[in-house]
Amino acid sequence: DTINERGDIAGFSGTDPADIDGNLTHAFLKRRHQPMQDLGVLPGDISSTAAGMNNLGQIVGYSNDAAGDFRAVLWQNGTIIELSSLAPDFAGSLVLATDINDFGQITGRGIDPDTGAIIAFLATPVRH
């Protein structure tokens with residue numbers, strides 16, 4: 001779970017009481033004085049987790065399918081975005097976004113397509 005300076009909390013919560021192993025979770029956002037909001041998953045996925053949040057309310061984490069394939073994601077303005085769509089020149093997989101600062105820069109882990117090694121990434125937004 002993560003908390004920003006405004007007191008907003010993001011994390012993940014179980015979606016099925018029978019899932020005692022915690023395999024079925026959804027990322028959530030809890031703003032002060034508002035009900036908890038389910039952030040959902042990417043289409044076809046079964047689970048998501050929020051890992052980082054900035055003071056603008058942008059949230060990063062991952063979404064995964066039943067086979068265990070993870071994809072780094074960004075939640076903003078009520079929408080979930082797979083980060084690989086924002087990095088078309090990266091041939092590997094962006095599997096986990098861990099943090100985001102107030103400039104929108106995102107850090108996380110990816111997989112090198114040539115070696116299979118886990119590598120760090122920094123995604124810097126392009127401003128038009």
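1. Which residue of β4 stands opposite L29? In this predicted model, the residue of β4 that L29 faces is Q37. The pairing behind this match joins β3 to strand β4 (residues 37-40), in the antiparallel sense and over three bridges. The two strands form a hairpin with six residues between them, and within its turn H33 has a positive phi of about 65 degrees.

2. A reader new to the structure may find β3 a useful place to begin. Strand β3 covers residues 25-30, and because five of its six residues are buried, the strand is largely enclosed by the rest of the structure. Besides its pairing with β4, β3 pairs with strand β2 (residues 9-14), again in the antiparallel sense, over six bridges. Within the β2 pairing, S13 stands opposite H26 of β3.

3. The next point concerns the nonpolar interior. The largest nonpolar core has 10 residues, namely A10, A27, L29, L39, L42, A50, M53, I59, V73 and W75. The elements that each give two or more residues to this core are β3, β5 (47-53) and β7 (70-76). There is also a second, separate core of nine residues, and among its members are A72, L74, L83 and L94. As background, the side chains in a regular strand alternate between the two faces of the sheet.

4. V73, a member of the largest core, deserves a paragraph of its own. When its neighbours within four places in sequence are left aside, V73 is in contact with L42, I59, V60, G61, Y62, S63, I80, I81, E82, L83 and A97. Of these contacts, L42 and I59 are listed with V73 in the largest core, whereas L83 is included in the second, separate core.

5. How many aromatic pairs does a search of the whole structure find? The search finds one. This pair is formed by Y62 and F70, whose arrangement is edge-to-face, with 4.9 Å from centre to centre and 65 degrees between the planes. As for the surroundings of the second partner, F70 has a relative accessibility of 35% and therefore counts as partly exposed.

6. Further along the chain there is an open sheet of three strands, in the order β9-β10-β11 and with antiparallel pairing. Its edge strands are β9 and β11 (118-123), each of which pairs on one side only, and the twist averages 30 degrees from one strand to the next.

7. The pairings inside this sheet can be followed residue by residue. Strand β9 (residues 93-100) is joined to strand β10 (residues 106-111) by six bridges, and I100 stands opposite I106 in β10. These two strands form a hairpin with five residues between them, in which G104 takes a positive phi near 85 degrees. On the other side of β10, six bridges join this strand to β11, the two running antiparallel, and the bridge partner of R109 in β11 is A120.

8. Is N55, which lies in a loop, buried or exposed? The loop in question is the one between β5 and β6 (59-64), and N55 counts as buried because its relative accessibility is 18%, where the cut-off for buried is under 20%. A polar atom of the N55 side chain lies 2.9 Å from the backbone nitrogen of E5. Leaving aside its neighbours within four places in sequence, N55 is in contact with N4, E5, R6 and D102.

How values were computed
Residues numbered from 1 in each chain as written. Predicted model: local features only at pLDDT ≥ 70, side-chain atom pairs only at ≥ 80, totals over all residues. Heavy atoms only, no water. Buried < 20%, exposed > 50% of the residue type's maximum accessible area, 1.4 Å probe, protein only. Helix = DSSP H or I, 4+ residues; strand = E, 2+ residues; numbered from the N terminus. Pairing = 2+ DSSP bridges. Phe/Tyr/Trp six-rings, centres within 6.5 Å; stacked < 30°, edge-to-face > 60°. Core = buried A, V, L, I, M, F, W, Y, C linked by side-chain atoms within 4.5 Å. Contact = heavy atoms within 4.5 Å. Axes fitted to C-alpha atoms, helices over the stretch in contact; angles between N-to-C directions. Polar contact = N/O pair within 3.5 Å; in protein donor to acceptor, adjacent residues only side chain to side chain.
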